[in-house]
Amino acid sequence: MRITCVYINHFAVQVETRKKSDLAGKPLVIGGFPHERKSVIDCSVETSGYHIRPSISLRQAHHLCPEAIFLPLNEELYHQVFEEVLSILDELSPAVEASYHGKAFVDISGTERLFGPEEKLGKLIGKKISEKTNLQAQIGIAASKFVAVVAALSATPRCPIVVKPGSEKRFLEPLPIELLD
């Protein structure tokens with residue numbers, strides 16, 4: 001079995017900046033407003049220097065970066081956009097499994113005749129998602145979900161990572177423990 005993990009890093013942030021391009025490149029915090037007793041759901045890479053991460057309180061995020069733009073969670077929009085992504089994946093394989101917004105698995109076993117080598121298919125998936133949704137996906141391909149996830153987390157949007165059968169240990173060995181779920 002060959003599994004592709006499609007991972008859209010900072011999914012909510014990408015969806016919001018797709019909707020309002022003027023938010024791109026700004027410190028963005030999603031989950032609500034600083035006065036609310038809620039947690040950060042997602043944040044842009046521009047907030048990383050301020051030590052803002054998902055799960056900290058919105059108040060703490062505001063204290064760390066008062067100039068950040070705070071947006072409420074828009075679950076309906078995120079669900080709608082993720083359905084667009086899943087529709088793209090459905091065109092490639094009948095076996096698509098949604099994990100959560102921004103992450104899905106595709107069984108690509110036996111698709112070589114249709115799409116060519118796995119490296120080519122990985123690039124095709126990323127390209128289709130980018131063209132049709134304006135989202136950047138990281139693609140990992142391996143024999144198991146776990147290794148496919150780690151490969152996707154290590155990939156870049158333009159360069160999928162394919163872990164060949166039998167090379168899983170060699171691939172995982174040098175990686176930091178933080179990549180483990």
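**Helices and sheets in a predicted model**

Helix H3 lies across strands E1, E5 and E6, running at about 155° to E5. The model is a predicted one, and the strands just named belong to an open sheet. That sheet has five strands in the order E5-E6-E1-E7-E8, with mixed pairing. Strand E5 (96-100) and strand E8 (161-162) sit at the edges, each pairing on one side only.

A bit of background helps here: strands of a sheet pair through backbone hydrogen bonds, either parallel or antiparallel. E5 and E6 take the antiparallel option, with four bridges between them. Within this pairing, alanine 98 stands opposite alanine 104 in E6. E5 and E6 also form a hairpin with two residues between them, and glycine 102 in the turn has a positive phi of about 100°. Moving on to the next pair in the sheet, strand E1 (residues 3-7) and strand E6 (residues 103-107) run antiparallel and are joined by five bridges. Here threonine 4 has valine 106 in E6 as its bridge partner.

Another helix packs on this sheet too. H5 lies across E1, strand E7 (138-142) and E8, and runs at about 150° to E7.

How do the two helices meet? The axes of helix H3 (residues 75-90) and helix H5 (residues 118-133) come within 10 Å and cross at roughly 140°. That angle makes H3 oblique to H5, since only angles over 145 degrees count as roughly antiparallel. H3 passes H5 in a right-handed crossing. On the H3 side, the contact is made by Glu84, Val85, Ile88 and Leu89; H5 brings in Ile125, Lys128, Ile129, Lys132 and Thr133. Sorted by class, the contact of H3 with H5 has five nonpolar, one polar and three charged residues.

There is a second open sheet to look at, this time of three strands in the order E3-E2-E4, again with mixed pairing. Its edge strands are strand E3 (42-43) and strand E4 (69-71), and each of them pairs on one side only. Strand E2 (residues 28-30) pairs with E4 in the parallel sense over three bridges. One of the residues to look for is leucine 28, whose bridge partner in E4 is isoleucine 69. Helix H1 (residues 11-19) lies across E2, E3 and E4, and runs at about 115° to E2.

H1 also meets H3, the helix that opened this section. The axes of H1 and H3 come within 10 Å and cross at roughly 95°, which makes H1 roughly perpendicular to H3. From H1, the contact takes in Phe11, Ala12, Val15, Glu16, Arg18 and Lys19, while H3 supplies Leu77, Tyr78, Val81, Phe82 and Glu84. By class, the contact of H1 with H3 has seven nonpolar, no polar and four charged residues. Glu84 of H3 turns up here and also in the contact with H5.

Finally, how many aromatic pairs does a search of the whole structure find? The search finds one. A pair of aromatic rings is described by the distance of the centres and the angle of the planes. The rings of phenylalanine 11 and phenylalanine 82 have centres 5.8 Å apart and planes at 85°, so the pair is edge-to-face. Phenylalanine 11 lies in helix H1 and phenylalanine 82 in helix H3, so the pair ties together parts that are 71 residues apart in sequence.

Terms used:
Residues are numbered from 1 along each chain as its sequence is written. This is a predicted model: local features need pLDDT of at least 70, side-chain atom pairs count only at pLDDT 80 or more; totals for chains, interfaces and linings use all residues. Side-chain values use heavy atoms; hydrogens and water are left out. Axes are lines fitted to C-alpha atoms, for helices over the stretch in contact, and angles run from 0 to 180 degrees between N-to-C directions. Angles under 35 degrees count as roughly parallel, over 145 as roughly antiparallel, 65 to 115 as roughly perpendicular and the rest as oblique. A crossing is left-handed if the near helix is turned anticlockwise from the far one by less than a right angle, and right-handed if clockwise. Contact means heavy atoms within 4.5 Å. Ala, Val, Leu, Ile, Met, Phe, Trp, Tyr, Cys and Pro count as nonpolar, Asp, Glu, Lys and Arg as charged, and the others, Gly among them, as polar. Two strands pair if DSSP finds at least two bridges between them. Rings of Phe, Tyr and Trp (its six-membered ring) pair if their centres lie within 6.5 Å; planes under 30 degrees apart count as stacked, over 60 as edge-to-face and the rest as tilted.
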